[in-house]
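Good morning, colleagues. Please turn to the structure on the screen; I shall speak about a few backbone and surface features.

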Amino acid sequence: MADTDFNALTATNTIAATDSIVIVRAGVPYRYTGPLFVVDGSANFGFGAAAPVSKIHANVVGSVKSYVTAGNSAGGAMIGVAADGTAEVNNYAGGAITFNNYNAGGAKTEYGRFSGAGDLGIGTTNPGGWRINARQGSTSLLALENTAGVGTTIRLADASYAGHLVQNAGAMIIQVAGTTEAFRCDTSGSIIPGADNARNLGSASRRFGTVYAATSTINTSDAALKTVRGEGGLTPEEIAWARAIRILPYRFNDAIAAKGEAARLHFGVLAQDVHAAGLAAGIKDPFAYAFLCRDPLMEEVEVMEQVHVQKTEPYERAETTIVVEDGIARARERTVNDARPVFEEIPLVDEQGVAVMLRTGEDAEGAPIMRQAVHLEPVMVTIEQPVTKAMPAFDDQGRPVERWGIRYEELAMFLLAASAAPHP
């Protein structure tokens, strides 16, 4: 068979998908009668598609899977449509599927990945065992994991602090300052503190309003947990103190401001009066008695705190916006100033210290163009950012502001004990 100069040929006909072609191997011609690929005038390649609608269009007739494949079964990827119409992105070898951005210099920035175990990482190359891990630099801002037979953990974090919402065997657990359990809601719906006698409900600065309950509170009164003072009686000073305490009618100032004369009347004591009566009766430290309380008021202030975050750099990106004018939708391009994370490119080697090479293309002679793979390590910087914290409040003279209080059930017991004691 004589050689043919294809450059000298003039194409006057087209090859249909039902035609056949002749393939010459070792000088022997073979006729190929299988389905042909199609290249249309827009350089779209069709495999089993007479009219390709994209640069590579693979299509079949019937309920057979259709894929575009790169690589092979030892390490490749498939993009296609399954028999049931499901769109798929597959990795032959069970490795990760990543989402990346390449700059003009060929440097890759990975924005997300599905690991070989099915974990999703956003902004990280290592989901770290979390089912979903959204990260900025070295900080997991939002992470979710599921442990078979145990439950689910949601992690919320910033550069300095972290907390968790955990579902464990049906109970919902709130963890603060890392993994310290604050409260939980058990499977019966009861709210339980994370540790015995270690959590408060409200504070002097953040009080609850009205507490509605079907029964009264139960206070621990186990004899095994108490040590009685002496013979259990009151001193003459304590009796005098109790009999000097006045029970008064009063209205709350905020209720007067809101309701005027319609503010409801209460009966009780004034904590400062109780304290003064104790001093006058000879009590050295009235606050040694648990029915009298005072707590510092706290206020939320904004302070600057140093945190470690991933460095960013400004860049310009093109953005397309659609504007409807006179019933016509027009696409308009504009340049937007944005910021992107900065990474350090570290050359990648294997366990033996040999450079890991990547094929990036071919030269004019068809020889492969290789370059060493790099690992992108987030570049971290220390910055100051405003953080809201609870700090002690001070008055105009620089003195700490306190809120005084009374434990009425204990005060009632004190007054009752004094009334039962013989008069000094």
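**Positive phi angles and a nonpolar surface patch**

What we have here is a predicted model. I shall begin with the backbone and then move to the surface.

Let us take D326 first. This residue is not a glycine, yet its phi is positive, at about 55°. D326 sits in the loop that links β23, residues 312-325, with β24, residues 328-341. Is D326 buried or exposed? Its relative accessible area is 80%, and because the threshold for exposed is over 50%, D326 counts as exposed.

The second case is N197. Here, too, a residue other than glycine has a positive phi, in this instance near 55°. N197 belongs to the loop between β18, residues 191-193, and α1, residues 236-244. With a relative accessible area of 78%, N197 is exposed.

I now turn to the surface patch. Which residues form the nonpolar patch on the surface? They are F37, V39, F45, F47 and I56, and together they have about 470 Å² of accessible area. Two strands deserve mention here: β3, spanning 37-39, and β4, spanning 45-47, each contribute at least two residues to this patch.

One member of the patch merits a closer look, namely F45, which lies in strand β4. The relative accessibility of F45 is 35%. Since the partly exposed class runs between 20% and 50%, F45 is placed in that class.

To recapitulate, N197 and D326 are loop residues with positive phi, and F45 is part of the nonpolar patch. Thank you for your attention.

Key:
Residues numbered from 1 in each chain as written. Predicted model: local features only at pLDDT ≥ 70, side-chain atom pairs only at ≥ 80, totals over all residues. Heavy atoms only, no water. Helix = DSSP H or I, 4+ residues; strand = E, 2+ residues; numbered from the N terminus. Buried < 20%, exposed > 50% of the residue type's maximum accessible area, 1.4 Å probe, protein only. Patch = residues over 30% accessible without salt bridge, like charges linked within 9 Å, V, L, I, M, F, W, Y side chains within 5 Å. Areas by Shrake-Rupley, 256 points an atom, 1.4 Å probe, with all protein chains shown as cover. Salt bridge = Lys/Arg side-chain N within 4 Å of Asp/Glu carboxyl O.
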